[in-house]
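Hi there,

Here is the structure I promised to pass on. Have a look at it first, and then read on for my notes.

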Amino acid sequence: MMLPFFGLLVGIFLGLTLKIAVPAAYIKYLGVATLAALDSAFGGIKASLHNEFNDKLFISGFFTNTILAAFIVYLGDRMGIEPLYYAAIVAFGVRLFQNLAVIRRKIFKNWE
């Protein structure tokens, strides 16, 4: 359980302390990739709470989701289809909130 949580904390710390300027052309890519990475991190935390965490699945899912998200944005840009970008945001956003709801329920169930 600690690996995804530790990775999330390290990522937040690095993001807040390092002042890296992102060119405006890559803002959409960074936003969707961040959502995909958060989805994987919360999925890893959820799997850990259910004692189903597999580090190989976590690492492969993290990179696959992030690359797929960036590829969807790239395809949308190349084809001139802006809604493709929104589809990725909605898909990863919904999964993120679903994972968070499961984590919250599991934590409250363990405290009872």
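To start with a small puzzle: is Y86 buried, partly exposed or exposed? Y86 is partly exposed, because its relative accessible area is 47%. Please keep in mind throughout that this is a predicted model.

Y86 also has an aromatic partner. Y85 and Y86 form a tilted pair, with 5.3 Å from centre to centre and 55° between the planes. Y85, in contrast to its partner, is buried, with a relative accessible area of 16%. The count of aromatic pairs comes to six. There is an aromatic cluster too, made up of F53, F58, F62 and F63.

Now to the core. The largest nonpolar core has 16 residues, and V32, F42, A69, V73, F92 and I103 are those with the most contacts inside it. Two or more residues come from each of α2 (27-49), α3 (55-79) and α4 (83-111). The biggest contribution is that of α2, which gives eight residues. As a general background, nonpolar side chains in soluble globular proteins tend to be buried together.

Two residues give a good view of how this part is packed. Leaving aside neighbours within four places in sequence, I103 is in contact with F42, I45, K46 and L49. A36 lies in helix α2 and counts as buried, because its relative accessibility is 0%. Not counting residues up to four places away in sequence, A36 touches N65, T66, A69 and F92. If you want a distance to check in your viewer, the C-alpha atoms of A36 and R104 are separated by 20 Å, with the two positions 68 residues apart along the chain.

Next, the polar side of the story. How many salt bridges does a search of the whole structure find? The search finds two.

One of them joins the side chains of K28 and D77, at 2.8 Å from N to O. This pair links distant parts of the chain, with K28 in helix α2 and D77 in helix α3, 49 residues apart. D77 is partly exposed, with a relative accessible area of 33%.

In the other, the side chains of D39 and R95 meet, again with an N to O distance of 2.8 Å. D39 belongs to helix α2 and R95 to helix α4, so the salt bridge ties together parts that are 56 residues apart in sequence. What I liked here is the setting of the two partners: D39 counts as buried at 1% relative accessibility, whereas R95 counts as partly exposed at 41%.

D39 has a further polar partner in N99. The side chains of N99 and D39 are joined by a polar contact of 3.3 Å. N99 is found in helix α4, and at 8% relative accessibility N99 counts as buried. Not counting residues up to four places away in sequence, N99 touches D39, F42, G43 and K46. Among these, F42 is also one of the core residues with the most contacts, and both F42 and K46 are in contact with I103 as well.

Helix α3 deserves a paragraph of its own. Its 25 residues should span 36 Å at 1.5 Å a residue, and the end C-alpha atoms are 36 Å apart, so the two values agree. The buried residues in α3 are F58, G61, N65, T66, A69, V73 and G76. They pack against α1 (2-17), α2 and α4. N54 caps the N-terminal end of α3, where a side-chain oxygen of N54 lies 2.9 Å from the backbone nitrogen of K56. Just after α3, G80 takes a positive phi of about 75°.

One last spot for you to look at is the loop between α2 and α3, where N51 has its place. The phi of N51 is near 55°, a positive value in a residue other than glycine. N51 is exposed, with a relative accessible area of 73%.

That is it from me. Enjoy looking around!

Best wishes

How values were computed. Residues are numbered from 1 along each chain as its sequence is written. This is a predicted model: local features need pLDDT of at least 70, side-chain atom pairs count only at pLDDT 80 or more; totals for chains, interfaces and linings use all residues. Side-chain values use heavy atoms; hydrogens and water are left out. A nonpolar core is a set of buried Ala, Val, Leu, Ile, Met, Phe, Trp, Tyr and Cys residues joined through side-chain atoms within 4.5 Å. Buried means under 20% relative accessible area, exposed over 50%, partly exposed in between (1.4 Å probe, protein chains only). Helices (H or I, at least four residues) and strands (E, at least two) are DSSP runs, numbered from the N terminus. Contact means heavy atoms within 4.5 Å. A polar contact is a pair of N or O atoms within 3.5 Å; within protein, one must be able to donate a hydrogen and the other to accept it, and residues adjacent in sequence count only if both atoms are side-chain atoms. The expected span of a helix is 1.5 Å times one less than its number of residues. A salt bridge is a side-chain nitrogen of Lys or Arg within 4 Å of a carboxyl oxygen of Asp or Glu. Rings of Phe, Tyr and Trp (its six-membered ring) pair if their centres lie within 6.5 Å; planes under 30 degrees apart count as stacked, over 60 as edge-to-face and the rest as tilted.
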